[in-house]
Each structure stands twice: as C-alpha cells, then as structure tokens.
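Work through the exercises below with the model open. Try each task before you read its solution.

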Amino acid sequence: MSEKYHNNFLDYTLSNKYLLVKLKVMRYTLKQFQEQYPDDDACLEAVFQDRFKNMKCCPGCGVVDAKFYRVKKRQCYACEWCSYQLFPLANTIFRKTEVPLTLWFYAIYEFSVSKNGVSAKELERKLGVSYKTAWRMAKQIRLLMGVEVGQLTGDVEVDETYIGGKHSQRYERSKKQTVFGMVERDGFVKAKHVRSSGARVLLPEIADGIKAGTQIYSDEWPAYKTLARRDYSHTTVNHSQLEYVRGTAYTNTIEGFWSQLKRSLDGTYHAVSPKYLQFYLAEFVFRYNFRAITVGPVLLEMALKPVGLTP
Ligand SMILES: [Zn+2]
C-alpha cells in the first residue's frame with residue numbers, strides 16, 4: 001500500500017518545510033483573524049479567490065482572463081462579457097447556508113484555538129444562532145478536520161479503549177464504545193470507532209494503518225498476539241505485572257492521547273452519541289497531529305476548498 005494523503009492542501013503543507021516552519025512560529029490572534037476576514041464580502045472573496053484564481057478563461061464564453069464581478073446581494077460572481085455565473089460556495093461546507101460567513105469563519109477560528117473542543121452549546125452562545133444551527137456547523141467543521149494521514153511507520157503504539165457508559169453500573173457496560181488507536185512516537189495518531197476489540201476487527205485496521213515492517217508496541221491484549229507473524233515486529237508491555245515501562249517497551253504515548261481525549265469529552269461534550277463518536281475523534285486526532293503548528297490559518301484555508309460528498 002502506498003503512502004496517501006486525502007487532503008491536497010495538507011499534503012502540500014506537510015511537504016513544504018518552509019510553510020511548516022512559518023506556521024509553527026506564526027501567532028494567529030483574534031485580531032489578525034478579524035483583519036483578514038472583517039465581513040461577509042471578505043469571506044466570500046477569499047473562497048472565490050482560492051477556488052478560481054487558476055482559472056484561465058471563462059467557462060461560458062471562453063474569453064481569456066475574463067474579469068468576474070460580484071453580483072449584488074447574491075453569493076456569486078458573473079463574467080463581465082457573458083454574465084456566466086460562478087458560485088464559490090458550491091460544494092464547500094458553507095453551501096446553502098443561511099448563516100453569515102463571518103460567523104462560520106469565526107466558528108472555525110474557535111475550533112482552531114480550542115484545546116478541548118468546542119461544544120454546540122458554546123457555539124450557540126458565542127454566535128447567537130440556534131442550537132440546531134450551531135450543532136450542524138460544529139459537525140461540518142469536524143468533518144473538515146477529518147484529515148487522513150498516510151500509513152504510520154517507525155515506532156508505533158497501538159491500544160484500544162472504551163468510551164461512554166458508567167463504569168460502576170454493570171448494565172451500562174454494553175453501552176461503551178470501542179475506540180482503536182495507533183500512534184507514532186513523535187508523529188501522527190489515528191483513532192477509529194470500531195465495533196469490537198477482537199482480532200478480526202483490529203488486525204485489518206493495523207494492516208491498513210501501519211506500514212509493513214514497523215515496530216509495534218502494545219499491551220498483552222489477545223487480539224495483538226499474531227502481529228509478529230504478520231510482517232511486523234511486535235513488543236508487548238505486561239500491564240498485569242505492573243510493568244509499564246521496560247526500556248522502549250511502553251505504550252505511554254497512546255495512553256496520553258486517550259486521557260486527553262477522555263478529559264475533553266467529559267469536560268466539553270459530556271455525552272457523545274455513538275453515531276457521532278467518529279466525528280469527535282477526527283477533531284481530536286486533527287488537534288494532536290497538528291499540535292506543532294498554528295492551525296488557525298490551515299483550518300480556515302481548508303474550509304475554502306470544496307469537500308467530497310458529506311452526509
Ligand atoms: Zn464569459
């Protein structure tokens with residue numbers, strides 16, 4: 001399987017060392033954000049520019065370098081020669097929206113500066129929109145954050161964890177959701193809501209998510225038993241004998257990710273419906289994977305681009 005990034009912009013960003021360094025040292029304050037996107041027109045213009053800046057000629061009349069002017073009171077631009085219309089918001093997360101673009105952009109900014117996530121309740125309060133609208137916006141922004149990174153390599157820790165339900169009540173146990181995680185030490189993480197923690201579920205996830213030949217660390221969960229026979233080096237940590245760290249044999253990285261995830265889910269989101277758990281995971285994975293850079297401008301620039309088919 002080849003290395004793949006599903007998002008061209010991030011692919012570009014990650015491969016462009018200069019941009020990464022720049023994003024790392026750059027601060028992106030609320031003031032800078034407001035100067036960049038002062039009103040709805042500026043937001044629409046940003047989407048338009050991003051989308052059509054490389055267009056050589058008008059799709060309607062074919063005139064090279066035709067100018068497009070903004071159509072008054074509509075979210076579109078028209079060709080100066082043939083009036084052909086371009087709709088920059090089509091297929092973006094802002095399509096068919098009645099919410100002003102400035103509020104959308106501000107919501108994205110909030111997601112980018114938050115450490116623990118942004119709840120719909122909080123968006124409702126800050127943006128002055130209905131709860132339903134805030135919830136939909138949050139969902140779209142989380143979709144945007146669902147960036148797939150390529151196969152993991154190097155030293156990779158794997159672990160499964162359980163989310164939701166009450167620990168003490170036996171009948172609640174069945175309501176717990178299984179999440180499987182894989183993390184490169186000093187690198188990227190992947191986390192997926194899976195239907196069980198059995199070998200038949202986890203091994204295909206590993207085959208898909210981790211490059212063959214990689215050194216994998218895990219606890220002694222039976223599902224991982226056959227890893228060494230499957231193109232991987234495998235070292236286990238024996239938690240039952242309180243052997244949490246033995247040289248490089250530890251799973252502290254993934255456990256650190258779980259505890260941050262659970263703290264945030266408890267503090268910000270309280271109860272997450274299993275149906276939407278993957279969206280929340282995507283949000284935290286994004287924050288973790290891009291922890292070294294200033295994500296505000298990255299996330300905003302990603303939002304300008306058309307997205308695939310979204311539910
Ligand atoms: Zn034209």
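The exercises go from the whole chain to sheets, helices and single residues.

This is a predicted model: local features need pLDDT of at least 70, side-chain atom pairs count only at pLDDT 80 or more, and totals for chains, interfaces and linings use all residues. Residues are numbered from 1 along each chain as its sequence is written.

**Exercise 1. The whole chain**

Task: State how many helices and strands the protein chain has, and what share of its residues is buried.

Solution.
- Take helices (H or I, at least four residues) and strands (E, at least two) as DSSP runs, numbered from the N terminus.
- The protein chain then has 11 helices and eight strands.
- Call a residue buried if 20 or more other C-beta atoms lie within 10 Å of its own, exposed if 12 or fewer, and partly exposed in between, with C-beta atoms placed from the backbone.
- Of the 311 residues in the protein chain, 28% are buried.
- For contacts, the C-beta atoms of two residues, placed from the backbone, must lie within 7 Å.
- Among contacts with a separation of 6 or more, 59% join residues 24 or more positions apart.

**Exercise 2. The five-stranded sheet**

Task: Give the strand order of the five-strand sheet and name its edge strands.

Solution.
- Strands pair if DSSP finds at least two bridges between them.
- The order is 6-5-4-7-8, in an open sheet with mixed pairing.
- Strand 6 (189–194) and strand 8 (233–237) are the edges, each pairing on one side only.
- Neighbouring strands are turned by 25° against each other on average, direction ignored. Axes here are lines fitted to C-alpha atoms, for helices over the stretch in contact, and angles run from 0 to 180 degrees between N-to-C directions.
- Check one pair: strand 4 (residues 155–163) and strand 7 (residues 215–219) run parallel and share three bridges.
- Glu157 faces Tyr217 of strand 7.

**Exercise 3. The three-stranded sheet**

Task: Find the order and pairing of the sheet with three strands.

Solution.
- The order is 1-2-3, open and antiparallel.
- Its edges are strand 1 (68–70) and strand 3 (85–86), each with pairing on one side only.
- Strand 1 is joined to strand 2 (residues 77–79) by three bridges.
- Phe68 stands opposite Cys79 in strand 2.

**Exercise 4. Helix 10**

Task: Describe the span of helix 10, its cover and its packing against helix 7.

Solution.
- Helix 10 (residues 277–289) lies across strands 4, 5 and 6, at about 170° to strand 6.
- Its 13 residues reach 18 Å from first C-alpha to last, close to the 18 Å expected at 1.5 Å a residue. The expected span is 1.5 Å times one less than the number of residues.
- Helix 10 is mostly covered, with 10 of its 13 residues buried. Among them are Phe279, Leu281, Phe284 and Phe286.
- The cover includes helix 7 (131–144), strand 5, strand 6 and helix 9 (252–269).
- Helix 7 packs on helix 10 at about 55°, with the axes 8 Å apart. Helix 7 is therefore oblique to helix 10. The classes are roughly parallel (under 35 degrees), roughly antiparallel (over 145), roughly perpendicular (65 to 115) and oblique (the rest).
- The crossing is left-handed: the near helix is turned anticlockwise from the far one by less than a right angle, whereas clockwise would be right-handed.
- At the meeting place, Lys139, Arg142 and Leu143 of helix 7 touch Phe279, Tyr280, Ala282 and Glu283 of helix 10.

**Exercise 5. Lys192**

Task: Is Lys192 buried or partly exposed, and which residues does Lys192 contact?

Solution.
- Lys192 sits in strand 6.
- Lys192 has 19 C-beta neighbours inside 10 Å, so Lys192 counts as partly exposed.
- Beyond neighbours within four places in sequence, its contacts are Val179, Phe180, Glu205 and Leu281.
- Gln278 is 86 residues from Lys192 in sequence, yet 6.5 Å away, C-alpha to C-alpha.

**Exercise 6. Positive phi**

Task: Where do Asn91 and Asp231 lie, and what are their phi values?

Solution.
- Most residues other than glycine have a negative phi.
- Asn91 has phi near 65°, a positive value. Asn91 is in the loop between strand 3 and helix 5 (101–113).
- Asp231 also has a positive phi, about 65°. The loop of Asp231 runs between strand 7 and strand 8.
- Asn91 has 15 C-beta neighbours inside 10 Å and is therefore partly exposed.
- Asp231 is partly exposed because 13 other C-beta atoms lie within 10 Å.
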